[in-house]
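Q: I'm new to this structure and would like a close look at one part of it. Could you take a single helix and walk me through what surrounds it?

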Amino acid sequence: MEIRAKIQTIAIGLALLVLATSAFAKEGRAALYEENETAKDLVARITAPTTEGAGIIFHVDEHYIYGITAKHVLYQQGKAVKDLKALFQAWPEKEFPVEVHKLHHAEDLAVFRADLRPFGMSRQEVLQVIPLDILGKSENLDPGDDLSAMGHSTAGAWITPKKWVPYARADGNAFLFEYPCPQGHSGGAVFDKSWRLVGMMIDEERPFCRALGIDAILKEVQR
């Protein structure tokens, strides 16, 4: 009887452990989903009659939201694209007027700014929903590391991979990862498995997508 009682005690303990592990896993998945939704608010759609792309917010002041994108989204045939608008996932009903703020000729990189003033929005209101504290390190990525991406399709839908996609290799100031980089994704964000920003998509190199590493981008922008 004593042995049977011990076996029952062990069985109950194992059952409780399984239940706790399952609950922890569900909680972990919920937290990851929440981080995913927060990270997506960092990404904007950049559009005009002659262009379509994405952008990533990196700074906010009292008048403007500043973002980075691929230079070819904002600058075509030797001049800035006209009638640019930004659409942010946090405020889907608003179209923000956009202007080209700075072009970086060494890389396919540009800085844009979206005007807050037409909507009467303050810096504090923007920072309540835009996660500017999720920077990762592209220099720390290794082949096979899980990544995700966020961009906008020309068909009018936000697109992110249905599963994690692997990092392939470094390529100068950029890196390649195993994703087809759909049209309209230029300027979109690449995140690591903790939903930290590690890069910005710039072009397709099938079967890969090429992204500028966030480390190189920050050095260029700070310059």
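A: Happy to: here is a tour of one helix, the strands that cover it and some aromatic rings.

A word on the ground rules comes before the tour. This is a predicted model, in which local features need pLDDT of at least 70, side-chain atom pairs count only at pLDDT 80 or more, and totals for chains, interfaces and linings use all residues. Residues are numbered from 1 along each chain as its sequence is written, and side-chain values use heavy atoms, with hydrogens and water left out.

Our helix is α4, residues 214-222. Helices (H or I, at least four residues) and strands (E, at least two) are DSSP runs, numbered from the N terminus. Within α4, Ile-214, Asp-215, Ala-216, Ile-217 and Glu-220 are buried, meaning under 20% relative accessible area, where exposed is over 50% and partly exposed lies in between (1.4 Å probe, protein chains only). An α-helix has 3.6 residues a turn, so residues three or four places apart point the same way.

What covers those buried residues? The cover includes β3 (64-69), β7 (96-104), β8 (109-115), β14 (197-205) and β15 (208-213).

Let's begin with β15, where six of its six residues are buried. Strands pair if DSSP finds at least two bridges between them. β15 pairs with β14 in the antiparallel sense over six bridges, and the two form a hairpin with two residues between them. Across this pairing, Asp-203 stands opposite Arg-210. β15 is also joined by four bridges to β12 (residues 174-177), again antiparallel, with Ala-174 opposite Leu-212.

Now to β7 and β8. They pair in the antiparallel sense over six bridges, and a hairpin of four residues joins them. Glu-99 has Arg-113 in β8 as its bridge partner. Arg-113 also lies over the face of Tyr-64, at 4.0 Å from the ring centre; such a charge counts if NZ of Lys or CZ of Arg is within 6 Å of the ring centre and within 35 degrees of the ring normal.

β7 is also joined to β6 (residues 85-88) by two bridges, running antiparallel, and Ala-86 has Phe-96 as its partner in β7. Phe-96 forms a tilted aromatic pair with Trp-91, 5.9 Å centre to centre and 55 degrees between the planes. Rings of Phe, Tyr and Trp (its six-membered ring) pair if their centres lie within 6.5 Å; planes under 30 degrees apart are stacked, over 60 edge-to-face and the rest tilted. Both Trp-91 and Phe-96 are buried, and ring pairs link them with Phe-88 and Phe-119 into a cluster.

Note on methods:
Contact means heavy atoms within 4.5 Å.
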